[in-house]
Amino acid sequence: MNSFKFNENQIKVIKALSGTLIAELDDLETEALLKTKATVIKKHPSKVIEFSKFDLSDNKKFIEIFTDKLVECLPEDKLVKINLVLNLFTNSSTSLLLTGYFKPFYELDRKQREAVLQKWSKSFKFYRNLFAILSILINVIYWTNFDNYFETIGYPGPDPEANGEKFTSKINLFPTYEFIHVPPEGLVLHFDVVVVGSGAGGGVVSALLAKAGYSVLVVEKGNHYHQNDLSLKQAESFNNLYENGGLLFNEDNSLGIHSGSTFGGGTTINYCASLKPQHFLREEWAAQGLTYFLSDDFNKSIEAVEKRMGVSSDAIIHNESNKILIEGCKRLGYHYKDVPQNTAGSHHQCGWCTFGCKYGEKQGSLMTWLKDARDAGAKFVVDCYVENILIENRKAVGIRAIVNGNRALVVHSKKVIVSCGAINSPVLLKRSGLRNTNIGKNLYLHPLTMVSGFFSDREVIPYSGSIMTSVSEVVENIDGDYYGSKIEIATFHPLYLVAFLPWKSALHHKQRMLQINHLVPMLIISRDKDPGRIAIDSCGRPRIHYSISNHDSKSVIEGMIAGINILVAAGAKTVMTGQSAIEEFEPAEKDPFNDPRYKQYIENIRKIGVEDSASSIGSAHQMGTCKMGINPKTSVVNPKGKVWEVDNLYVADASVLPTSTGVNPM
């Protein structure tokens, strides 16, 4: 348990930052807030006035949750850096360097503090990064954990149908699982195969091996949550279902990473999007000697996976955001198509899928492959952290793990299959003493950002209906090698709004929150060409070293511009990017694309770019860190997934993918 504590003056700085980002507005600002174009203003004018007076620094519970969350989620060396930065704010001399004022940050008035943050957002990398991480963490943690103003902004919180007829009619869809109990004194087990991880890789492998007659044990680091356990609340869902409680960043904190850590892995929190590997990708891998990817056997495997997951486009009903993407593409002549869904023919209209599927319609691993494994006799352990793989005479013979935080589990097995995902699989191999220098290299993240459009005359409700049912590939081949971007639709709960739309001012923040139901979020997901790496720290945890390259940033930028074009063509009254140094833009009503102002706005997007914390960047897909190949000098596993340097040890997850895929890797 981390014993790190913030001192009194550091708490004062945190309170001052909080009360700057979400601040009590003055009379003129309140008047402007009441003139915000949004349907909720007319519904709840008195609540909007109350919202205008809300100052986050007065919320003692928030300060407690915020500091606890930092200590819980950040490694100690990053806490030390935050400690140092906060100390700089408390000293008049060093505060002068950061703020331009010879006094502690918390002694500045609200307008002075706001001007400081605005200046940082448009400054050089150090200040941009400082602005981004502080503003995102404070806003995300507040809007994730507190629902005081959900009704005011028109957001329902958990899906309002989650406990109604829609849910009760499907309450028995979830399969039930029994889990091996590990007693306080520990446990030793024997199986033919132990599979470490239960996601898209581990689920399939465990099902097929169990059905083939092997005794199979699946161990999962996260916990299992039944339908009845899924609250669909932002904070609870992130804490229970995501790696590091949803607060996982690369080393310089410029990129936020979402990765599943629960029974079913990423398939439990994924959207339903189920795109096939495209032919150019398969050709690229075959050219590296992996000819299986152009074989009929691979085609049959894809068909088998699609059949078991119920992948189809037949039941798609586009929500308003997806309709707007399609409308804009039609008007511009851009490519667009439906995205097949793994819903087994259900009209799955739930914008809360990223918090788990309450209705049992999304056919992730726990609804399909793990059920098949269970039916064939496989056994399961959850809350199981695998410390290392047991290796004797260059052969894997089992695992050593800790269950429920303090109970020892040893599993002896004939085979070990690592399916922990691209972040944790290489770290487990390294903790187990493997020395192949390729382990952890080749990290691809599909770096993504978001562009958004405000539709004043149209309630979009961007968290309702099916999430990602359409895609445009208009810029997926801008470099001639298919390392471009796709444009898709995201769900837009409050935490995503504040994570991807940069803070501009206290007034602007509250205006945008009131407009959430009029915003269309378009994801720009790039196929990155240039990889990063996963390292391991002294505590055996993964450290993510990744910076978006110049090549890949250009892919993201061209995707952003295409996305902005789509929004403008569809009638957006205001468009915005995740770039903190660029103001929002209001297109001309007539012939907007020939407006010199619009052309200058597009050039500014290119000029500012997305590197070095210039824009909000995230990742929902991780790949490549245990690369498959035909040569042990350049890869970690052979074409069958066997680790080169140890027998009876295999990797079966997205970490074996030789390059980024350009489609959802599930």
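**Notebook: two helices, two loops and some cavities**

I began with helix α8, residues 110-121: at 1.5 Å a residue its twelve residues should span 16 Å, and its end C-alpha atoms are 17 Å apart, which agrees. Helices here are DSSP runs of H or I with at least four residues, strands are runs of E with at least two, and both are numbered from the N terminus. The expected span is 1.5 Å times one less than the number of residues.

I kept in mind that this is a predicted model, where local features need pLDDT of at least 70, side-chain atom pairs count only at pLDDT 80 or more, and totals for chains, interfaces and linings use all residues. Residues are numbered from 1 along each chain as its sequence is written, and side-chain values use heavy atoms, leaving out hydrogens and water.

**Entry: α8**

Which residues of α8 are buried? I found R110, R113, E114, V116, L117, W120 and S121. Buried means under 20% relative accessible area, exposed over 50%, and partly exposed in between, with a 1.4 Å probe and protein chains only. The buried residues of α8 cover an arc of only 160° around the axis, which puts them on the same side of the helix; the arc is taken from the directions from the helix axis to the C-beta atoms. Their cover includes α1 (8-21), α2 (27-34), α6 (76-90), α7 (92-99), α9 (125-145) and α21 (506-514), where contact means heavy atoms within 4.5 Å.

**Entry: α6**

Next I turned to α6, one of the helices covering α8. Its 15 residues reach 21 Å from first C-alpha to last, close to the 21 Å expected at 1.5 Å a residue. In α6, I noted K78, L79, V85, L86, F89 and T90 as buried. These cover an arc of only 150° around the axis, which puts them on the same side of α6. On the other side of α6, K81 and L84 are exposed.

**Entry: two loop residues**

Most residues other than glycine have a negative phi, which made me look up two with a positive one.

- N404 has a positive phi of about 55°. I found N404 in the loop between β10 (395-403) and β11 (407-418), partly exposed at a relative accessible area of 40%.
- Y482 has a positive phi of about 65°. Y482 is in the loop between β14 (470-475) and β15 (485-489), and is partly exposed at 31%.
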